[in-house]
Amino acid sequence: MKYTQLGRTGLKVSRLVVGTMNFGPQTDEPTSHGILDAALDAGLNFVDTANVYGWGENKGRTEEIIGTWFAQGGGRREKTVLATKVYGSMSRRSETWPNEDRLSALNIRRAVDASLKRLRTDYIDLYQFHHIDRRTPFEEIWQAVDVLIQQGKILYAGSSNFPGYKIAQANETAARRGMVGLVSEQCLYNLAERRAEMEVLPAAQEYGLGVIPWSPLHGGLLGGVIKKEAQGGRRASGRSADALASTAVRAQVQAYEDLLDKHGLEPGETALAWLLTRPGVTGPIVGPRTVEQLDSALRALELELSDEVLTALDEIFPGTGPSPEAFAW
């Protein structure tokens, strides 16, 4: 297994992150536990979740599944770098009661205690803000985080879905308080969606944040979806289906699949391997529904893409370019 530092921290994490969003809604508890065991056996030590996973009437269910896995012992918790998130409402009513969501000091305090209970652990390694909160100043957010660190309930703080300027605001505010600040940013980033390269990735690198891309296959778009459809396999859905409705995008994906066929490469593994070549990327999040899907993702760690393939991928899926050159000079 290959490991790297999480941003500017001393924390060592695997170069693939086990995403658990499917645990509960699509993958039952025994299968979820089997995936986590297989991941740990392979050396994957980085597990990502969120308090809202499970969704709808089952919010929190995913954390509970991870908690029952930890409860089996065998060093599972000690070997795992655990990341979860706070922001979304945990209310199961039709309306959210005041202070049940976002990043107020009150909600952060309540949310972390609830996550710890569901996860059956006494600390969280990486506590991530799931979204920016336009209503709460960073001074308040960092005050709450400082308390949690002093209490030993969390070790590091990270962001998710933050624009570059909010990463800068957050860490400048933390620096004034003498705090470490954000150490990671979890963002939408893949071959088909490269806008993060304009502002988010440069900000993350400037402030020493490890980048954790989510949806590395862009909802299945980069997993060989056209070939699978032609063979009568699983059809595109969600983000992937919406994108394929565009003639231009379908042609782009077809060119991608043709290129990989020519070089004998698997689409999903290639998309992951490409992310592992990107500067500042700690590791992409993979969300396996089965152990077999996890095995496929693991093969990406051994895949070295040639300069010819990397150049061709850039031609098919061109990047935006950095800021300000992407929109100015």
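In which helix is Glu-257 found? Select Glu-257 and you will see that this residue is found in helix H10, where helices (H or I, at least four residues) and strands (E, at least two) are DSSP runs numbered from the N terminus. Before going further, note that this is a predicted model, in which local features need pLDDT of at least 70 and side-chain atom pairs count only at pLDDT 80 or more, while totals for chains, interfaces and linings use all residues. Residues are numbered from 1 along each chain as its sequence is written, and side-chain values use heavy atoms, with hydrogens and water left out.

**Around Glu-257**

Glu-257 is buried, with a relative accessible area of 5%; here buried means under 20% relative accessible area, exposed means over 50%, and partly exposed is in between (1.4 Å probe, protein chains only). Now add Gly-224, Val-225, Ile-226 and Lys-227 to the selection, since Glu-257 touches these four, residues up to four places away in sequence not being counted, with contact taken as heavy atoms within 4.5 Å. The C-alpha atoms of Glu-257 and Val-225 are 8.8 Å apart in space, although the two residues are 32 apart in sequence, and the side chain of Glu-257 reaches the backbone nitrogen of Val-225 at 3.1 Å.

**Salt bridges**

Keep Lys-227 selected and add Asp-261, because the side chains of these two meet in a salt bridge with an N to O distance of 3.7 Å, the term meaning a side-chain nitrogen of Lys or Arg within 4 Å of a carboxyl oxygen of Asp or Glu. This pair links distant parts of the chain, Lys-227 lying in helix H8 (residues 225-230) and Asp-261 in helix H10 (residues 247-263), 34 residues apart. Lys-227 is partly exposed at 42% relative accessible area, and Asp-261 is likewise partly exposed, at 46%. By this rule the count comes to 17 salt bridges.

Select next Arg-278 and Glu-197, whose side chains form a salt bridge at 3.7 Å, N to O. Arg-278 lies in the loop between helix H11 (267-276) and strand E10 (285-286), and Glu-197 in the loop between strand E8 (182-188) and helix H7 (200-207), so the pair ties together parts that are 81 residues apart in sequence. Glu-197 is buried, at 13% relative accessible area. Extending the selection to Arg-194 and Asp-314 shows a network of salt bridges that links Arg-194, Glu-197, Arg-278 and Asp-314.

**Aromatic rings**

Which aromatic pair does Trp-69 form? By the rule used here, rings of Phe, Tyr and Trp (its six-membered ring) pair if their centres lie within 6.5 Å, with planes under 30 degrees apart counting as stacked, over 60 as edge-to-face and the rest as tilted, and the count comes to six aromatic pairs. Trp-69 and Phe-70 form a tilted pair, 5.4 Å centre to centre with 40° between the planes; Trp-69 is buried at 1% relative accessible area, and Phe-70 is buried at 6%. Move then to Phe-129 and Trp-142, whose ring centres are 6.0 Å apart and whose planes stand at 70°, so the pair is edge-to-face. Phe-129 belongs to strand E6 (residues 124-129) and Trp-142 to helix H5 (residues 138-151), 13 residues apart.

Finally, select Arg-77, which lies over the face of Phe-70, at 5.3 Å from the ring centre, and whose charged end also sits over the ring of Tyr-123, 4.1 Å from its centre; a charge sits over a ring if NZ of Lys or CZ of Arg is within 6 Å of the ring centre and within 35 degrees of the ring normal.

Note on methods: A polar contact is a pair of N or O atoms within 3.5 Å; within protein, one must be able to donate a hydrogen and the other to accept it, and residues adjacent in sequence count only if both atoms are side-chain atoms.
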